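Subject: Structure for your review

Dear colleague,

Please find below the structure I am handing over to you, with the sequence alongside. My findings follow it, in a form that I hope will allow you to check each one against the coordinates.

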Amino acid sequence: MRLALRFVLPLVLALTGVAYALVPLVDQLTLRWFVRDLDMRSTLIADTLYEPLQERLETGKETKIESFFNRITRDERLFAIGYCSAPDAAVLASRLMPKDLLCSSLSRWEQPGDHLLLSSQGPLHVAVITLSGETGALGKLAILHDMSFISRRSEETKRYVLYLFMGLAAVISLITVIIAQLSWRGWMTGMRNVLRGEVLSRRPGIDSRPELREFKPIARDLQILIRELEADTRARDESQMTWTPETLRAILHGELRGGDIIVVSNREPYIHQRRGDRIEVQRPASGLVTAMEPIMRACSGTWIAHGSGSADREVVDMNDRVAVPPEKPSYQIRRLWLSREEEIGYYYGFANEGIWPLCHIAHVRPTFRSRDWAQYVAVNKKFARAVVSEAKTPNPVVLVQDYHFALLPKMIREELPDATIITFWHIPWPNPESFSICPWAQDVITGLLGSSILGFHTQFHCNNFVDTIDRLMEARVDRETFDVSFGGKLTAVRRYPISIAWPPEPDLLLKDLTMCRADVRRINDLPAGHKLGVGVDRLDYTKGIIERFQAIERLLELNPQWIGHFSFVQIAAPTRAEIDEYQHHEAHVRTVAMRINSRFERQGPPPILLKVEHHEPTDVYEYFRAADLCFVSSLHDGMNLVAKEFVAARDDERGVLILSQFTGASRELPEALIVNPYDADQCAAALLLALTMPDSEQRDRMRLMRGLVAEFNVFRWAGRMLLDAAVMRRHNRLIGAGPTGAA
Ligand code: F6P
């Protein structure tokens, strides 16, 4: 309607202007026509009067002539008639003849011109006609017509011309607006299709959508332009931002309009454990928790997780919720309870005996059982129901975490079609051949493709994922953008390298470094100047703990001067202990540590101090601050946040990080000593280098690594995902599609 008004009004005004410009021309033209008519009429009247006038003149009845003229001029347009026998004679005229029209002045009206006389009675047309017959010239006849009707007609003409043009304007604009509306709709539909990529993606003979050939040339350019603009804005914004909890809150409230945030993970951030008559709050050894917890503190919202602690049920309210962090609550944990069968099938079985070894190249065979799969499906459904019940709006932002919930995105999407679902896969994604081992590979991928955004730590894992889709699914992959279109919906596959909070929580750095060094050595019966290495992991076969010990053994073999002068503290958090593979692994780790210790122990403190127990973050940071080196030797790891935590702990800019080339972190921290954990000699050389590295080199390397972790902290990780989600929401609003790009 607004468009129509914007178009019609100017058109009407323009045509009215044209009409006004035309009226004088029309006026002149009609005047000329009227004058010509009056000239002809006057000649006709003169011809008709000739004989009666001659008769009256011959009979000398001049007075009768005047009454004859008066009779004739009853015609409403014929104003007056006058007769002059000679230029000096008096005019014999009808009653209304103007007094100033004399016989002597008649010759003026015989000249060419418009013959218009403006008398006090109004405008008059004067025609002077010489009366001549067979008997010779009789005199002159002045015939005056009233011309006031001409100005009346001119007014009427003006009015008609104006009405005509206004009508014309209305009709033209109506037709134009209708055509414009129809074409605009068609054009907009076309452009929407272009923006959705349908023009480029249409498969002839398969898709029923009409081919929009006319849009093809601009489609790709337009898509590229939009992406460049989005990427440019994001890149500019990102580089100009300082990533803090406040930044994240601002994104949530500004870009996502205060969206409702729901996190789903298997592991909960706080576990309540009963110890006798006390309830202890534990923070689990989990990279996922390390990363997500500061995000939730910043954004509030609800974190749905498996309630696995022995006292978890005792502290929740009637809705199974508990506010955390305990010291200063800022968000809610919603706990879900799993039966023994569910836990065995879903967590130990499908997730950790199936998917975990499948995705990690650690040479442990994956085991897939249909009963585990059934539990995995059931538990995913249970969590989907919880998400729906926790959602306060129809379009929450749901952050789905990890391989425990591959089916969840699709299940949520079915219930909450407008939700923005950001799934993050914290572990590696293998190549298509490896992944196709999974008997439910297609269900897993279909589930994940319910996400709006699917994130991995590295581009390599994104590549593996889209290669797997190409191999196993009937989906379309855009290799330029890494957008996957499946079942009419879009999933953006993106790389988001995870990180840790920066700066670290103040209590983690509270204890002075010198005190940390002294206390850790004292607690472990080590002499004051004793060199110390540290490793902190879950007791998992992917972490390369055995390879690490073998590297230490090799170091001491090759460099016996370090026997008794170097020890390595391995903190190993017990994990997944119900799985045979993990039990064997723990036994193996203990055996190797004992063997190495017994080999070198006689010459001083043992080289390996193995601590298979849970450590709270403050204890872990104390070890990080006390150590001379940290060794991360994962055989395969999505990212590995221990490496980043060690860097964060060293505000003295000392300490050396030895890092496996098979961790995502090695791509971000090249200043670490990068090693292949399978190469014991290389690792031993790295250990020696670390033990003898000058302070200045330690400082230079540590400074660079600290700079990177500070800049690419976990707020940036989450912020980038939320910004991408916000761009996606805006983009979809623009093209009138749902949150996954579905129209
Ligand atoms: O590495 C993947 C991951 O999910 C981490 O995010 C987390 O640290 C760990 O695995 C989970 O271990 P758990 O089985 O003890 O929860």
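A residue is called buried here when its relative accessible area is under 20%. By that criterion, buried residues make up 52% of the 743 residues in the chain. Please bear in mind throughout that this is a predicted model.

Overall composition

The chain contains 22 helices and 23 strands. It exposes about 34,300 Å², of which carbon and sulfur atoms supply 55%. Among contacts between residues at least 6 apart in sequence, 72% join residues at least 24 apart.

The ligand site

The residues that surround the ligand are Arg 267, Ser 286, Gly 287, Leu 288, Tyr 347, Trp 356, Asp 402, Tyr 403, Ile 427, Arg 538, Thr 575 and Arg 576. Several of these place polar atoms opposite oxygen atoms of the ligand, as follows.

- Arg 267: a polar side-chain atom lies 2.9 Å from an oxygen atom of the ligand.
- Leu 288: a backbone N or O atom lies 3.2 Å from an oxygen atom of the ligand.
- Tyr 347: an N or O atom of the side chain is 2.5 Å from an oxygen atom of the ligand.

Taken alone, the ligand exposes 380 Å², and the protein buries 91% of that area. Two elements, helix 7 (287–299) and helix 9 (340–359), give two or more residues to the shell around the ligand.

The five-stranded sheet and Val 128

An open sheet of 5 strands has the order 2-1-5-4-3, with antiparallel pairing. Strand 2 (92–93) and strand 3 (116–119) stand at its edges with a single partner strand each, so one side of each has no neighbour in the sheet. Within this sheet, strand 1 (residues 78–84) and strand 5 (residues 136–146) run antiparallel and are joined by 6 bridges. Gly 82 has Ala 142 in strand 5 as its bridge partner.

Ala 142 also appears in the surroundings of Val 128, which belongs to strand 4 (residues 122–133). The C-alpha atoms of Val 128 and Ala 142 are separated by 4.5 Å, although the two residues are 14 residues apart along the chain. Beyond residues up to four places away in sequence, Val 128 touches Leu 106, Trp 109, Glu 110, Lys 140, Leu 141 and Ala 142. Its relative accessible area is 11%, and Val 128 is therefore buried.

Strands 14, 16 and 17

Strand 17 (residues 489–495) pairs with strand 14 (residues 453–456) in the parallel sense over 4 bridges. Here Leu 454 has Val 493 in strand 17 as its bridge partner. Strand 17 also pairs with strand 16 (residues 483–486), in the antiparallel sense and over 4 bridges, and Asp 483 stands opposite Ala 492 of strand 17. Strands 16 and 17 form a hairpin with 2 residues between them, and Gly 487 in the turn has a positive phi of about 55°.

Helices 16 and 18

Helix 16 (residues 545–558) has 14 residues and reaches 20 Å from its first C-alpha to its last, close to the 20 Å expected at 1.5 Å a residue. Of these 14 residues 10 are buried, so helix 16 is largely enclosed by the rest of the structure. Its buried residues include Ile 545, Ile 546, Phe 549, Ile 552, Leu 555 and Leu 556, and also the charged residues Glu 547, Arg 548 and Glu 553. They pack against strand 18 (531–538), strand 19 (566–573), helix 17 (580–600), strand 20 (608–612), strand 21 (629–632) and helix 20 (680–692).

Helix 18 (residues 617–626) has 7 of its 10 residues buried, so helix 18 is likewise largely enclosed by the rest of the structure. The buried residues are Val 620, Tyr 621, Glu 622, Tyr 623, Phe 624, Arg 625 and Ala 626. Their cover includes helix 15 (513–523), strand 18, strand 19, strand 20, strand 21 and helix 19.

Arg 650

Arg 650 lies in the loop between helix 19 (641–649) and strand 22 (656–660). With a relative accessible area of 2%, Arg 650 is buried. Leaving aside neighbours within four places in sequence, Arg 650 is in contact with Leu 513, Phe 624, Arg 625, Ala 627, Gly 655, Met 702 and Arg 706.

With kind regards

Terms used: Residues are numbered from 1 along each chain as its sequence is written. This is a predicted model: local features need pLDDT of at least 70, side-chain atom pairs count only at pLDDT 80 or more; totals for chains, interfaces and linings use all residues. Side-chain values use heavy atoms; hydrogens and water are left out. The expected span of a helix is 1.5 Å times one less than its number of residues. Buried means under 20% relative accessible area, exposed over 50%, partly exposed in between (1.4 Å probe, protein chains only). Contact means heavy atoms within 4.5 Å. Accessible areas come from the Shrake-Rupley method with a 1.4 Å probe; for residues, only the protein chains shown count as cover. Two strands pair if DSSP finds at least two bridges between them. A residue is near a molecule or strand if one of its heavy atoms lies within 4 Å of it. A polar contact is a pair of N or O atoms within 3.5 Å; within protein, one must be able to donate a hydrogen and the other to accept it, and residues adjacent in sequence count only if both atoms are side-chain atoms.
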